[in-house]
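Notebook open, structure loaded. I want to look up how the pieces pack, how the strands are ordered, and where the empty space sits.

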Amino acid sequence: MVSYDTGTARWARLALLLAGGGARSRRLLAGEPLAGDPFEVLERAGAPAAVLGAAARMLREAVPGLLAALEGIGWRWLAPADSEFPERLRSTADPPLGLFARGRLTAAPAVAVVGSRAATPYGRQVARLLGEELARAGVVVVSGLARGVDACAHQGALAAAGPTWAIWGSGPDRVYPPEHARLAEAIADAGALITEYPPGTPPLRHHFPERNRVIAGIADATVVVEAAAGSGALGTARQALDEGREVFAVPGAIFSELSVGPNTLLRLGARPLLTARDVLEVVAPGAARAAGAREPRPADGWLLAKLSPGTARTVDELAADAGVAVPLLLSELLRLELEGAVERLPDGRFARIAGNGAG
């Protein structure tokens, strides 16, 4: 057993990570006192002596230099015992040994917005607007910095000057995808960048399912915007359900491959999401009431009257013509789509289905 003072327990977790202590070590430590000796816990549980020996060596030889290097690039190490470590994540069945973080981790309601990397124009717009509305209400928008839905959710939160956290599957020094380097910098200024992987770790395929459990565990609720069958976003939703968190899904057209995921979740009992207020009512009821008070609803039939038969219009065109907020417009479009009154075209525009009157 390794001997060290109690103040270094948090560094011992970092040493275990560097020594290759993976999922088994994480789970063995999950239910233990946060300030306890992790080496002692793992030794009692029969962890391989080679892992413990390597961790002891890392604690002496590698951890001090790594902490200095992290400080030099603006990152820090957070152990579960630290007050800044997210409480929701700490209480999950498989919390990370610790987190590398850059930016501010505030104690506020958090919602994960996830979906396809190959999102349609409609899906990207929904994700961006959802991120914007949630952030404006003071909710942290959590996602994975991936292409498509993730990036749009982050961008929406930034547009509202609100908090957003990006959780990725590589080391702090490996932004992935690389074209999101500027977006990552903006997120670090407004919120936080988070990973459980040490510097130098590449974005390996198996890291992303592990990353998804952190996204689900750090948030009060998860929203799936668009996702094909087998999408990683559905894995995030499953992780959220396993932790007893709320899962929402944005209904989609039955002919779209990217609607299979959210529509399946709805069939299995997920909550439908038509506006940000639907999730705000669960994670921030006061903000939901304030949002509802700001959104007067037009009379029935107003939207069909703006969609002349034989024409197709974008969401932005309809919002400008009707003089309504885009989130309210999206809610009405989704309702009419589910009723079979309008259809969403492949290019993201909407058209009225023949035979439907203005009502």
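**Entry 1: a helix pair**

Note to self before anything else: this is a predicted model. I started with α7 (residues 121-136) and α8 (residues 149-159), whose axes come within 7 Å and cross at roughly 35°. The handedness of that crossing is right-handed.

Which residues make the contact? From α7 I jotted down Gly123, Arg124, Ala127, Arg128, Gly131, Glu132 and Ala135. They meet Val149, Cys152, Ala153, Gln155, Gly156, Ala157 and Ala159 of α8. Sorted by class, the α7 contact with α8 has 7 nonpolar, 4 polar and 3 charged residues.

**Entry 2: the nine-stranded sheet**

Next I traced the open sheet of 9 strands, and its order reads β1-β2-β6-β5-β4-β3-β7-β8-β9. Its pairing is mixed. At the edges I found β1 (76-78) and β9 (271-272), each of which pairs on one side only.

I zoomed in on one pair, β5 with β6 (residues 192-195): they run parallel and are joined by 3 bridges. Trp165 stands opposite Ala192 of β6.

Then I checked what α10 does here. It lies across β3 (110-114), β4, β5, β6 and β7 (221-224). Relative to β5, α10 runs at about 155°.

**Entry 3: the three-stranded sheet**

There is also an open sheet of 3 strands, in the order β10-β12-β11. The pairing in this one is antiparallel. Why do β10 (312-313) and β11 (342-344) each have one side without a neighbour in the sheet? Both stand at the edges with a single partner strand each, so there is nothing in the sheet on the other side.

I looked at β10 against β12 (residues 350-352) and counted 2 bridges, in the antiparallel sense. Arg313 has Phe350 in β12 as its bridge partner.

A reminder I scribbled in the margin: sheet strands pair through backbone hydrogen bonds, and they can do so parallel or antiparallel.

**Entry 4: two backbone oddities**

I went through the loops for unusual backbone geometry. The peptide bond from Tyr176 to Pro177 is cis, with omega near 0°. Pro177 lies in the loop between β5 (164-167) and α9 (181-190).

Leu145 also caught my eye: its phi is near 65°, a positive value in a residue other than glycine. Leu145 sits in the loop between β4 (140-143) and α8.

**Entry 5: cavities**

How many cavities of 30 Å³ or more are there? The count comes to 6. The largest cavity has a volume of about 110 Å³.

I listed the lining of the largest cavity next: there are 12 residues, with Val126, Leu274, Thr275, Ala276 and Leu330 nearest its centre. Helices α7 and α16 (326-338) each supply at least two residues of that lining. The largest share of the cavity lining, 4 residues, comes from α7, the helix I already had down for its contact with α8. By class the cavity lining divides into 10 nonpolar, 1 polar and 1 charged.

**Entry 6: pockets**

The largest pocket holds about 410 Å³ of space. It is lined by 21 residues, and the closest to its centre are Arg117, Phe208, Arg211, Asn212 and Gly232. I found that α10 (207-218) and α11 (232-242) each supply at least two lining residues. Which element gives the most to the lining of the largest pocket? That is α10, with 5 residues; this is the helix I had lying across β5 in Entry 2. I split the lining of the largest pocket into 9 nonpolar, 7 polar and 5 charged residues.

For the second largest pocket I wrote down about 200 Å³. Its lining is Gly252, Ala253, Ile254, Phe255, Glu337, Leu338, Gly340, Val342, Glu343, Arg344 and Ile353. Both α16 and β11 supply at least two of the residues that line the second largest pocket. The largest share, 3 residues, comes from β11, which is an edge strand of the three-stranded sheet. The classes for the second largest pocket are 6 nonpolar, 2 polar and 3 charged.

Key:
Residues are numbered from 1 along each chain as its sequence is written. This is a predicted model: local features need pLDDT of at least 70, side-chain atom pairs count only at pLDDT 80 or more; totals for chains, interfaces and linings use all residues. Side-chain values use heavy atoms; hydrogens and water are left out. Axes are lines fitted to C-alpha atoms, for helices over the stretch in contact, and angles run from 0 to 180 degrees between N-to-C directions. A crossing is left-handed if the near helix is turned anticlockwise from the far one by less than a right angle, and right-handed if clockwise. Contact means heavy atoms within 4.5 Å. Ala, Val, Leu, Ile, Met, Phe, Trp, Tyr, Cys and Pro count as nonpolar, Asp, Glu, Lys and Arg as charged, and the others, Gly among them, as polar. Two strands pair if DSSP finds at least two bridges between them. On a 1 Å grid over the protein atoms alone, a cavity is a set of points where a 1.4 Å probe fits but cannot get out, and a pocket is an open set with protein on both sides within 12 Å along at least five of seven lines; lining residues have an atom within 4 Å of a point. Grid points are joined across faces, edges and corners, and a volume is the space filled by probe spheres set on the points.
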